[in-house]
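User: I'd like to learn how to read helix packing and backbone features in a model. Could you walk me through one?

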Amino acid sequence: MEITENEKEILAGMARYLKEQNRLYTERYRLAEQFLFLSLPILVELRAKAELLLSYVKALKRQTRLVTVYHTYTAGKRCGRAFTPCDTGFLTFLCSVFSTPDAEKLENRLWGYYREIACRITHPALLDELTDLYRDMQNCSGELALEVFEAGYIAGLKQRETDHPELPADSTRPEQL
């Protein structure tokens, strides 16, 4: 999928915007402080195995980075060019991202860390809260991923119209391509 220089600039701007939205959201709701507050009792209980929590958080971070602005946009653009319904294309994209061998290995590693930490602490529910809080800190960009996909989808539709002006604009079936 070819991305123009203009699109690259727009995507870089989108990535900056999403990062800033996460930062603002995290600051507004003091999520970093809450994260630290939940981490400390777990770290105290883990003692010599405290690196498990660090490894777990790193795995969570890698998991949230599986969906990038660039790949989300290009998937949307491919979907628009193929005239696949946007919601179907987005769900297909997410499934393809999270079902790769690397994503599955990461998921297994994440669950391995989770189980090991949960077995070593008195209140495993704290780890669930910590996980939810971490994902909440990344939630803004996750929610906006659909908007990035839709932007790519619209670009794909426009490119399709340019490449195939003979096709009717209201054509919705991929087999008509």
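User: Which helices do the buried residues of H2 pack against?

Analyst: Happy to help; keep in mind that this is a predicted model. A useful general idea comes first: an α-helix has 3.6 residues a turn, so residues three or four places apart point the same way. Here, the buried residues of H2 are Leu31, Phe35, Leu38, Ser39, Ile42 and Leu46. They pack against helix H1 (5-28), helix H3 (51-64), helix H6 (101-120) and helix H7 (125-137).

User: Where in H2 does a kink lie?

Analyst: At Ser39, shortly before the proline Pro41, there is a kink of about 25°. Ser39 is also one of the buried residues of H2.

User: How do H3 and H7 cross?

Analyst: Two packed helices are described by the angle between their axes and the distance between the axes. For H3 and H7, the axes come within 11 Å and cross at roughly 35°. The crossing is right-handed. On the H3 side, the contact includes Leu53, Tyr56 and Leu60, and on the H7 side Leu127, Leu130 and Tyr134 are among the residues involved. Sorted by class, this contact has seven nonpolar, three polar and two charged residues.

User: Where is Phe83 found, and what is its phi?

Analyst: Phe83 sits in the loop between helix H4 (69-82) and helix H5 (86-98). Its phi is positive, about 60°, although Phe83 is not a glycine. Phe83 counts as buried because its relative accessibility is 12%, with the cut-off at under 20%. Arg30, in the loop between H1 and H2, also has a positive phi, near 50°.

Definitions and conventions
Residues numbered from 1 in each chain as written. Predicted model: local features only at pLDDT ≥ 70, side-chain atom pairs only at ≥ 80, totals over all residues. Heavy atoms only, no water. Bend = angle between axes of the 7 residues up to and from the residue. Helix = DSSP H or I, 4+ residues; strand = E, 2+ residues; numbered from the N terminus. Buried < 20%, exposed > 50% of the residue type's maximum accessible area, 1.4 Å probe, protein only. Contact = heavy atoms within 4.5 Å. Axes fitted to C-alpha atoms, helices over the stretch in contact; angles between N-to-C directions. Left-handed = near helix turned anticlockwise from the far one by under 90°. Nonpolar A, V, L, I, M, F, W, Y, C, P; charged D, E, K, R; others polar.
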